[in-house]
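Student: Can you walk me through this one? Keep it quick, please.
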Amino acid sequence: MKKIIYRNGLLGGLFVSTTMIITTVFMKANPGAEPNMVLGFSSMFLSFLFVIIGIKQQESLKDSENSFWSSFKTGLLISAIISTIYVLVWLVIYYNFYPEFMENYSNIILKNTKPEELAAKTLKMEQMKEDYKNPFVVILYTYFEVFPLGILVSLITPTLTLVKQKLRK
């Protein structure tokens, strides 16, 4: 079972991190270009398909316990690996290759803000830039960007399996 968790976690982490690297290289080369949120979250969602694959592989093992909780635990562990790889890759990118990210990101956000919301949004962006000076906060922000989706997929997959099993009976 550990092999399933590690393999799917690493593959999912590799997928989402590769997409992040490509997007970051593009953003660094084009500082005024807006980040594509659809692309970012789509790559996160697609990386969490490895959670579904891992849960299905675990459920297909004859000697494993096939319960909601064991499937959820498998999904959660795969999600944790994917998210940790994502966070670690972002830390390397941010601190070594793109330290001006928050400044560029802030400029993009403020450029697209309505005039009546500009003061509040400017304050929020300044706070976020200040927060980003603390590596622990960068880690938390980055985990909160990706891990909740993994938790959701880890919950939905065994739930759908249970519903499917009940419908067969």
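Tutor: Start with a definition: a residue is buried under 20% relative accessible area, exposed over 50%, and partly exposed in between. Keep in mind that this is a predicted model.

Student: OK. Is N66 buried, exposed or partly exposed?
Tutor: N66 has a relative accessible area of 43%, so N66 is partly exposed.

Student: And where is N66 placed?
Tutor: N66 sits in the loop between α3 (49–60) and α4.

Student: What separates the C-alpha atoms of N66 and S17?
Tutor: Their C-alpha atoms are 31 Å apart. Along the chain, N66 and S17 are 49 residues apart.

Student: New topic, helices. How do α4 and α7 cross?
Tutor: The axes of α4 (residues 68–97) and α7 (residues 135–168) come within 8 Å. They cross at roughly 155 degrees. An angle over 145 counts as roughly antiparallel, and α4 and α7 are therefore roughly antiparallel to each other.

Student: Left-handed or right-handed crossing?
Tutor: α4 passes α7 in a right-handed crossing. Their contact has 19 nonpolar, nine polar and one charged residues.

Student: Now pockets. What volume does the largest pocket have?
Tutor: About 550 Å³. It is lined by 23 residues, and the closest to its centre are M37, M44, Y86, F101 and E145.

Student: Which helix gives the most to that lining?
Tutor: α1 does, with six residues. α1 (2–29), α2 (37–47), α4, α5 (101–111) and α7 each supply at least two.

Student: And the lining by class?
Tutor: The lining of the largest pocket has 15 nonpolar, seven polar and one charged residues.

Key
Residues are numbered from 1 along each chain as its sequence is written. This is a predicted model: local features need pLDDT of at least 70, side-chain atom pairs count only at pLDDT 80 or more; totals for chains, interfaces and linings use all residues. Side-chain values use heavy atoms; hydrogens and water are left out. Axes are lines fitted to C-alpha atoms, for helices over the stretch in contact, and angles run from 0 to 180 degrees between N-to-C directions. Helices (H or I, at least four residues) and strands (E, at least two) are DSSP runs, numbered from the N terminus. Angles under 35 degrees count as roughly parallel, over 145 as roughly antiparallel, 65 to 115 as roughly perpendicular and the rest as oblique. A crossing is left-handed if the near helix is turned anticlockwise from the far one by less than a right angle, and right-handed if clockwise. Ala, Val, Leu, Ile, Met, Phe, Trp, Tyr, Cys and Pro count as nonpolar, Asp, Glu, Lys and Arg as charged, and the others, Gly among them, as polar. On a 1 Å grid over the protein atoms alone, a cavity is a set of points where a 1.4 Å probe fits but cannot get out, and a pocket is an open set with protein on both sides within 12 Å along at least five of seven lines; lining residues have an atom within 4 Å of a point. Grid points are joined across faces, edges and corners, and a volume is the space filled by probe spheres set on the points. Buried means under 20% relative accessible area, exposed over 50%, partly exposed in between (1.4 Å probe, protein chains only).
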